[in-house]
Amino acid sequence: MAPPALRCHEVTKRFGEFVAVDRVSLEVAPGEIFALLGPNGAGKTTLIGCITGLARPTSGTIEVFGQDVVKDFRATRTAVGLVPQELNFDPFFTPIESLQIQSGLMGCEPDRARCERLLKTFALWDHREAYTRHLSGGMKRRLLVAKALVHQPKLLFLDEPTAGVDVELRKELWDEVRKLRDAGTTIVLTTHYLEEAEELADRIGVLHQGRLLVVEDRDAMMARGTPDQRLEDIFVDLIRAAGPRRGAEASP
Ligand SMILES: Nc1ncnc2c1ncn2[C@@H]1O[C@H](COP(=O)(O)OP(=O)(O)O)[C@@H](O)[C@H]1O
Ligand SMILES: [Mg+2]
């Protein structure tokens, strides 16, 4: 049987005494769109950092397509793509240069045609020779997605890809995410726009204070509420039932 695209087993990440990710166990099947939800500070970005090799888990194991992300780092690194939460564009490069550099960093053979196709897909073609710093916020965000795809990752992490992106662009990005999935890419998405998860996700996990509260099919998650409730209401109820915000216990 094929291994899962992602398997986290009892993953913990501490910063000093602080436990940012607390014994998270999770599997994502190949071809799924998985939405990882949770309030600010829940540990989503930290968990993604552990999976993508930006941070080392304090304990627990993580496998990507059956390979350990610490021991088989080279293999897993090329299997994953990450659209980071922070816009980390290269101000002095043009979009086409950014993609070519990224492709080289990922150890791919130079493939200008592929880079050009990505620019067309993400509506950046007309700006291919512009300085990245002159692009609009939405274009920078799309360039980040294109960069994450340059080495054709099988597992793609989108960490709040639509933060600050207008409705129209958000919907365009959703279409791209669906196309990627249809082409066989497994996708893990974090988002604050719960309608995004409602719209796209096959399964949903809710992280709170570093702990995974629930993992369910989208439909099972929606069935927790009344028929007129949106995912947003269900999510807020889940978080409230789980206790106060981290750090809030100490306040008077
Ligand atoms: N490098 C770090 N050092 C110390 N604390 C950190 C570090 N990175 C994240 N944290 C803390 O870990 C918690 C989880 O952060 P993060 O993973 O960014 O949450 P999310 O992405 O769900 O908003 C937060 O309380 C954050 O302040
Ligand atoms: Mg985050």
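**Exercise 1. Which are the buried residues of H5?**

Solution. The structure examined here is a predicted model, and we begin with how much of this helix is covered. Helix H5 (residues 137–149) has 13 residues, and 10 of its 13 residues are buried, so that H5 counts as mostly covered, where buried refers to a residue with 20 or more other C-beta atoms within 10 Å of its own. The buried residues are Met139, Arg141, Arg142, Leu143, Leu144, Val145, Ala146, Lys147, Ala148 and Leu149. The next step is to ask what they touch: the buried residues of H5 pack against S6, helix H3 (95–105), helix H4 (112–121) and S7.

**Exercise 2. Work out what span is expected for the 13 residues of H5, and compare it with the distance between its end C-alpha atoms.**

Solution. The expected span is 1.5 Å times one less than the number of residues, and for the 13 residues of H5 this gives 18 Å. The end C-alpha atoms of H5 are 19 Å apart, which agrees with the expectation.

**Exercise 3. Explain why strand S7 (residues 155–159) is described as largely enclosed by the rest of the structure, and find its partners.**

Solution. Five of the five residues of S7 are buried, and therefore the strand is largely enclosed. Taking the two faces in turn, Leu155, Phe157 and Asp159 are buried on one side, while Leu156 and Leu158 are buried on the other. Strand S6 (residues 80–83) pairs with S7 in the parallel sense over four bridges, and within this pairing Leu82 has Phe157 as its bridge partner. S7 also pairs with strand S8 (residues 186–190), again in the parallel sense, over five bridges, and here Phe157 has Val188 as its bridge partner. From S7 the chain passes through helix H6 (residues 167–182) to S8, in a β-α-β crossover that is right-handed.

**Exercise 4. Give the strand order of the open sheet of four strands, and name its edge strands.**

Solution. The order is S2-S1-S4-S5, with antiparallel pairing. Strand S2 (18–28) and strand S5 (67–68) are the edge strands, since each pairs on one side only. Strand S1 (residues 6–15) and strand S4 (residues 59–64) are joined by five bridges in the antiparallel sense, and Thr12 stands opposite Ser59 in S4.

**Exercise 5. Describe the shell around ligand 1 by element and by residue class.**

Solution. The elements giving two or more residues to this shell are S2 and helix H1 (44–52), and H1 provides the largest share, three residues. By class, the shell divides into four nonpolar, six polar and one charged residue. Among the residues around ligand 1 are Phe15, Phe18, Gly38, Asn40, Lys44 and Thr45.

Note on methods: Residues numbered from 1 in each chain as written. Chains lettered and ligands numbered in written order. Predicted model: local features only at pLDDT ≥ 70, side-chain atom pairs only at ≥ 80, totals over all residues. Pairing = 2+ DSSP bridges. Buried ≥ 20, exposed ≤ 12 C-beta atoms within 10 Å, placed from the backbone. Right-handed = clockwise from strand over helix to strand, strands pointing away. Near = placed C-beta within 6 Å. Nonpolar A, V, L, I, M, F, W, Y, C, P; charged D, E, K, R; others polar. Contact = placed C-beta atoms within 7 Å.
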